[in-house]
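Reader: Could you walk me through this model? I will ask short questions and jump around a little.

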Amino acid sequence: MQVALKIWRYDPDSGDRDLRDYEVDAPEWVTLLDVLDLIKDQVDGTLAYRKSCRMMICGSCGMRMDGRAVLACKERMRPIVDRGHVPVISAMGNLPIVKDLVVDMDPFWSKIRRMKPWLDPGYDEPSEKERIVSQQQMNVIHKEALCIMCGCCVSECNSMEADPEFFGPAALAKGFRFVGDARDQTAVERLEDYNDEHGIWDCTRCYFCNERCPKGVDPRDAIAKLGAESVKEGIDRDMGAKHAKWFVKSAETTGWLRETELVPKTQGIVSAVKQTKFAIGLAKHGKVPPPGPVHVAADVGESRALRNLVREQGRDGALGIVQGERALARIERTDEGSARRDVPEVTPNEEPPPAEG
Amino acid sequence: MTKVAYYKGCLASLSAKELDTSTQALAPKLGLELDELESVTCCGAGDIHEAEPDYYLHLNARILAYGAATGAETLMTICNVCTLNLRQANFQLLNDPELRARVNDNLATVGVPPYEQDIEVKHLLWLIVEDDGAKRLREVAHRGLKGLKVAPFYGCQILRPSKLLGFEDPDRPWSLETIIEACGGEAIDYPAKIKCCGFPIIQAREEVAMGELIQPIEQASEAGADAMVTPCPLCHLSLDAWQSKLKAATGHDFNMPILHLSQLVGVAAGLEESELKFKRHVVSVDPVVEKLEV
């Protein structure tokens, strides 16, 4: 079959950018990576991209297809050709472009390194010949351990676009892989560290990371697990943690969010006072419900009783999220979510890749 | 008329009352009979999921249980965040009988009816467009949106994660555009329509949130939009109320009116100001109303 691509080229010496058309004859089973190999071999040897294993395990060939970060070796071309679509290929986002489809992964690796990605078993040497870790204990970090560090999640992270220092989804998922590891003795120190200004609570919950991850790591869920572990350990100095705790307080006292008190409870009284002028502006339009009789949900006592009950059952912290993963894994094997790909018309995203650096 | 269990969520009860009134007024025109849930609480907004996730699951199971007790097949939401939180909990319960049994035991202990009859959580947006909704809408929207250029803003948690939401392609959604056009308006396209408005961290990390918020407003403005429309009251609040802060930070006054989905369809269907409550917006909607009156 004939496979056509448009590729955003970038020449670091001249700084030139150019969207070029390519077309090659290829077998029906090819992936995007195979097509790039054919182009490099037959059409233009100067095309630059990374690759190694060709089987979704090395994490080298992350790039964008029509604006979506993908592993080139995972994307089959046949359905795209059948639709008559010509995809636009570009480098991943949120990382500086070195040449064509190759990005500089240094900022990515420095954030991974920042998480201390190694086991710290402390001085608790195993008394037996070996330390047995149960399947149940490993299930807690099963998803995070699947990460191949390709950077697809980072590519479209909305928080990182606005705050380049944000640790980001890959690093934080790596962090939970160690916080949740039964053999690691430094979970509390790690959580203290990950509660950095650019850490856990800098995530905006855009869920691009879960959407893009080619391995099912669901980094956003890993970040929520770190949040839940932090709250469980009483590490709640961050405004993000205070904000989250206020929702719990609201749910068990009035049922609905106590909106008016959310700002002082999150930011503290001093910062909240600084927001007074802004708040008065909103109040004029009824956006700030007046203090006084709060809106109380019917039968809210049930909500309070539920919280007290589940707190006694020991599924606090990350376990509250892990317990739902068996069910969520089931829906991935059904057609539930696959219908979304059946949209007939796809407009290629010809937005140029972001500027270098 | 199709009866649906109506879960309005926190914001439509408080700072976004205009979303509730316009939804209530619009629903009968769309053939929806709303059975409003009374004994329900906040879904946790992702915050309880991050602070005390087991409590989050139980709170949402309780909402689903009361929804199912109405006998309706659908629980209707009008907020992206409620949609994701409820659908996530629902998928966990529907696909794991052991987990559902444990949660139901706990519900029974505190006197809540168990979640037995299944219910499906759907956003108003999906109920409007599904089953050839555009055709239905063309009849309902008799007043139309002629000459109005509208920028659709989806927000995040009605598109992603698509395995839990799954109504449309999360990268090339079409539902809002279909609605705008069926109502007689012109849908404006721009890349940031599927990105984040920054709301979840607008209090804890205001600068980062504003760095996200400016993208859709700036792009919609440059593309010539008269107004933006969103299916999410949290997106609405940041797009509408935080525009003044964007002005202070950038010196640029976008003056972009932001409409709730129910208001956009509502105005096209001839709802009155007493139902639309445009006066409750921070950025004036007058230019939109004037344009439609010409």
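Reader: Which residue follows helix 10 of chain A, and what is the sign of its phi?

Author: Gly234(A) follows helix 10 of chain A, and its phi is positive, near 75°. Helices here are DSSP runs of H or I with at least four residues, strands are runs of E with at least two, and both are numbered from the N terminus. Please keep in mind that this is a predicted model, in which local features need pLDDT of at least 70, side-chain atom pairs count only at pLDDT 80 or more, and totals for chains, interfaces and linings use all residues. Residues are numbered from 1 along each chain as its sequence is written, while chains are lettered from A and ligands numbered from 1 in the order in which they are written.

Reader: What span does helix 10 of chain A reach?

Author: Helix 10 of chain A covers residues 219-232, which is 14 residues, and reaches 20 Å from its first C-alpha to its last, close to the 20 Å expected at 1.5 Å a residue; the expected span is 1.5 Å times one less than the number of residues.

Reader: Is helix 10 of chain A enclosed or not, and why?

Author: Helix 10 of chain A is largely enclosed by the rest of the structure, because 13 of its 14 residues are buried. A residue is buried if 20 or more other C-beta atoms, placed from the backbone, lie within 10 Å of its own, exposed if 12 or fewer do, and partly exposed in between.

Reader: And what do the buried residues of helix 12 of chain A pack against?

Author: They pack against helix 11 and helix 13 (269-274) of chain A, together with helix 1 (9-13) of chain B, where a contact requires C-beta atoms, placed from the backbone, within 7 Å. The buried residues of helix 12 (residues 259-267) of chain A are Glu259(A), Val263(A), Lys265(A) and Thr266(A). Gly268(A), with a positive phi near 90°, follows helix 12 of chain A.

Reader: Switching to the interface, how many residues does the contact take from chain A and from chain B?

Author: Chain A contributes 78 residues and chain B contributes 67 residues. On the side of chain A that touches chain B, the largest share, 9 residues, comes from helix 11 (residues 239-253) of chain A. That side of chain A divides into 35 nonpolar, 22 polar and 21 charged residues, with Ala, Val, Leu, Ile, Met, Phe, Trp, Tyr, Cys and Pro counted as nonpolar, Asp, Glu, Lys and Arg as charged, and the others, Gly among them, as polar.

Reader: What does strand 3 of chain A pair with?

Author: Strand 3 (residues 62-65) of chain A pairs with strand 4 (residues 68-71) of chain A in the antiparallel sense over 4 bridges, and it pairs with strand 5 (residues 88-90) of chain A, also antiparallel, over 2 bridges. Two strands count as paired if DSSP finds at least two bridges between them. Met63(A) stands opposite Val70(A) in strand 4 of chain A, whereas Arg64(A) has Ser90(A) in strand 5 of chain A as its bridge partner. The hairpin of strand 3 and strand 4 of chain A has 2 residues between the strands, and Asp66(A) takes a positive phi near 50° there.

Reader: How does the radius of gyration of chain B agree with a compact globule?

Author: For 294 residues a compact globule would have a radius of gyration near 19 Å, and chain B has 19 Å, so the two agree; the radius is taken over C-alpha atoms, and the globule rule is 2.2 Å times the number of residues to the power 0.38. Chain B has 15 helices and 8 strands, and 61% of its residues count as buried.

Reader: Where is chain B divided into domains?

Author: Domain 1 of chain B covers 2-124 and domain 2 covers 131-293, with bounds from an automatic or database domain assignment. Their centres, taken over C-alpha atoms, are 24 Å apart, and the contact takes 26 residues from each of domain 1 and domain 2 of chain B. Helix 2 (17-26) of chain B is among the elements on the domain 1 side, and helix 2 gives the most to that side, with 8 residues.

Reader: Which side chains of strand 4 of chain B are buried?

Author: Along strand 4 (residues 120-123) of chain B the side chains alternate, with Val121(B) and His123(B) buried on one face, while Glu120(B) and Lys122(B) point to the other and are not buried. Strand 3 (residues 74-77) of chain B runs parallel to strand 4 of chain B, joined by 4 bridges, and Thr77(B) has His123(B) as its bridge partner.

Key. Contact = placed C-beta atoms within 7 Å.
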